[in-house]
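Let's take a walk through this chain together. The headings below are there to help you find your way.

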Amino acid sequence: MSRRLRDYLARAGQDAWATLLPTECSGCGVADRALCAICRRALLPTVHPVTRDDARIWAALTYEGVARHVIAAYKDGGRTDAAGALAAPLRAAIVAALAAVPSTTQLTGAAPRSPSRSTGIQLVTIPSSSRAWRARGYHPVDALLHRARLHPFPVLAQRGEALDQVGLGRAARAVNKDHSLVATRSLEGTRVILVDDIVTTGATLLEARRAVFAAGGTVVGLAALAETRRRQPQPSPSGQTDRQIL
C-alpha cells in the first residue's frame with residue numbers, strides 16, 4: 001500500500017470518526033480533529049538545553065502557543081487523545097539527555113525500548129500528588145513514557161501534600177518543594193535520568209535530584225517535555241539585575 005493511499009485512508013477514518021463523535025483540536029479549537037495537522041507540526045520537537053540553578057535540563061518544546069494549549073488540555077482537560085503527539089517530543093528530550101551522558105554518547109538515534117536494559121540508566125518521574133491523581137486518574141508523564149514505549153522506574157513518593165505550584169514565585173516554589181519527595185528504596189549504584197512535563201523554575205526537578213542523591217543514587221541527566229521561557233532580566237530598584245520567571 002502506498003503512503004498516499006495510507007494517508008487518504010487515515011483521513012477518511014478520521015472524518016468518519018468525527019461524524020460519530022464530534023471533537024475539536026486541543027491546540028487551536030478547529031472542529032472535527034483531536035489534533036489538526038498544523039498543530040501537530042507545531043509539536044515537532046526542538047530539543048534544547050535549559051539551565052535552572054546548576055542543573056542542565058533537556059526540553060523538547062517551549063511552553064507557549066499550541067504546545068501550552070495541548071499540554072494543558074492533556075494534563076488538566078482530560079484530553080488523553082493528545083498523548084501520541086506529546087510522547088514523541090518527550091522521547092526526543094530523553095534521547096538528548098542520554099546522548100549527553102559520556103557512557104551513552106553513541107545513542108544518536110531513537111531511544112532504546114528500555115534505556116535501563118542497554119545503559120543501566122533508569123527513567124524516574126515525579127509522582128503526582130494524591131489530589132492530582134484523584135482529579136486525573138492517571139499520571140501524565142508516566143502515560144507519555146508508556147506511549148513512547150519507555151518504562152518509568154517508580155521510586156519516588158510524595159512526602160505530605162505540597163501546594164499547587166501554579167501562581168507561586170521562584171522562592172515560594174522552592175520552599176513548597178523542599179524535602180517534599182522521598183525515595184521508596186535504596187538507590188545505591190543506580191544511575192537515573194529524571195523526567196518531568198513542564199520546567200518553570202526547576203524546583204520540582206531539583207527536589208527530585210536531592211531525593212535521589214539522598215537515597216544513594218546518581219542523577220546523570222534531566223529531561224522535560226517543555227520549558228517555560230524566562231523573561232529578560234529586569235533591573236531591580238537597587239540597580240542590580242533580577243531574573244524573573246514566568
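## Leucine 43 and the nonpolar cores

In this predicted model, leucine 43 touches Leu35, Leu61, Val66, Ala67, Val70, Ala85, Leu86 and Pro89, leaving aside residues up to four places away in sequence. A second, separate core holds 23 residues, and Val50, Leu194, Leu205 and Val219 are among them.

Back to leucine 43: where does it stand in the largest nonpolar core? That core has 39 residues, and Leu43 is listed with Leu86, Leu90 and Ile94 as having the most contacts inside it. Two or more residues each come from β2, α3, α4, β3 (121–125), α7, β6 and β7. The biggest giver is α4, with 10 residues.

## Helix α3 and its surroundings

Helix α3 is a nice one to check with a ruler. The helix has 12 residues, and at 1.5 Å a residue these should span 16 Å; the C-alpha atoms at its ends are 17 Å apart, so the two values agree.

Which residues of α3 are buried? They are Ala67, Val70, Ile71, Ala73, Tyr74 and Lys75. Their packing partners are β2, α4 (83–99), α6 (130–136), α7, β6 and β7 (218–227). After α3 comes glycine 78, which has a positive phi near 75°.

One of those partners, helix α6, contains alanine 132. This alanine is buried, with a relative accessible area of 19%, just as a value under 20% requires. The C-alpha atoms of alanine 132 and aspartate 76 are separated by 9.1 Å, although the two residues are 56 residues apart along the chain.

## Salt bridges

How many salt bridges does the count give? The count comes to six, and three of the pairs make good stops on this tour.

Take lysine 75 with aspartate 197: their side chains meet in a salt bridge, with N and O 2.9 Å apart. This pair ties together distant parts of the chain, 122 residues apart, as lysine 75 belongs to helix α3 (residues 65–76) and aspartate 197 to strand β6 (residues 191–199). Lysine 75 counts as buried at 17% relative accessibility, and aspartate 197 counts as buried at 12%.

The side chains of arginine 209 and aspartate 54 also form a salt bridge, at 2.8 Å from N to O. Here, too, distant parts of the chain are linked: arginine 209 is in helix α9 (residues 203–214), while aspartate 54 is in the loop between β1 (48–52) and β2 (55–62), and the two are 155 residues apart. Arginine 209 is buried at 17% relative accessibility, whereas aspartate 54 is exposed, with a relative accessible area of 62%.

The third stop is arginine 79 with aspartate 81, where the closest N and O atoms are 3.1 Å apart. Arginine 79 is buried, with a relative accessible area of 17%, while aspartate 81 counts as partly exposed at 41%.

## Cysteines without disulfides

A disulfide is a covalent bond between the sulfur atoms of two cysteines. How many disulfides are counted here? The count is zero.

Why do cysteine 28 and cysteine 36 not count as bonded? The sulfur of cysteine 28 has its closest cysteine sulfur in cysteine 36, at 3.7 Å, which is too far for a bond; the cut-off is 2.5 Å. For cysteine 36, the closest cysteine sulfur is that of cysteine 39, at 3.6 Å, and this is again too far. Cysteine 36 is itself buried, at 10% relative accessibility.

## Positive phi outside glycine

Most residues other than glycine have a negative phi. Two residues are worth a look with that in mind.

Aspartate 53 has a positive phi, near 55°, and is not a glycine. This aspartate sits in the loop between β1 and β2, and is exposed, with a relative accessible area of 51%.

Arginine 149 is not a glycine either, yet has a positive phi of about 65°. Its place is the loop between α7 (140–147) and β4 (156–158). Is arginine 149 buried or exposed? With a relative accessible area of 54%, arginine 149 is exposed, as a value over 50% requires.

Conventions:
Residues numbered from 1 in each chain as written. Predicted model: local features only at pLDDT ≥ 70, side-chain atom pairs only at ≥ 80, totals over all residues. Heavy atoms only, no water. Salt bridge = Lys/Arg side-chain N within 4 Å of Asp/Glu carboxyl O. Helix = DSSP H or I, 4+ residues; strand = E, 2+ residues; numbered from the N terminus. Buried < 20%, exposed > 50% of the residue type's maximum accessible area, 1.4 Å probe, protein only. Expected span 1.5 Å × (residues − 1). Contact = heavy atoms within 4.5 Å. Core = buried A, V, L, I, M, F, W, Y, C linked by side-chain atoms within 4.5 Å.
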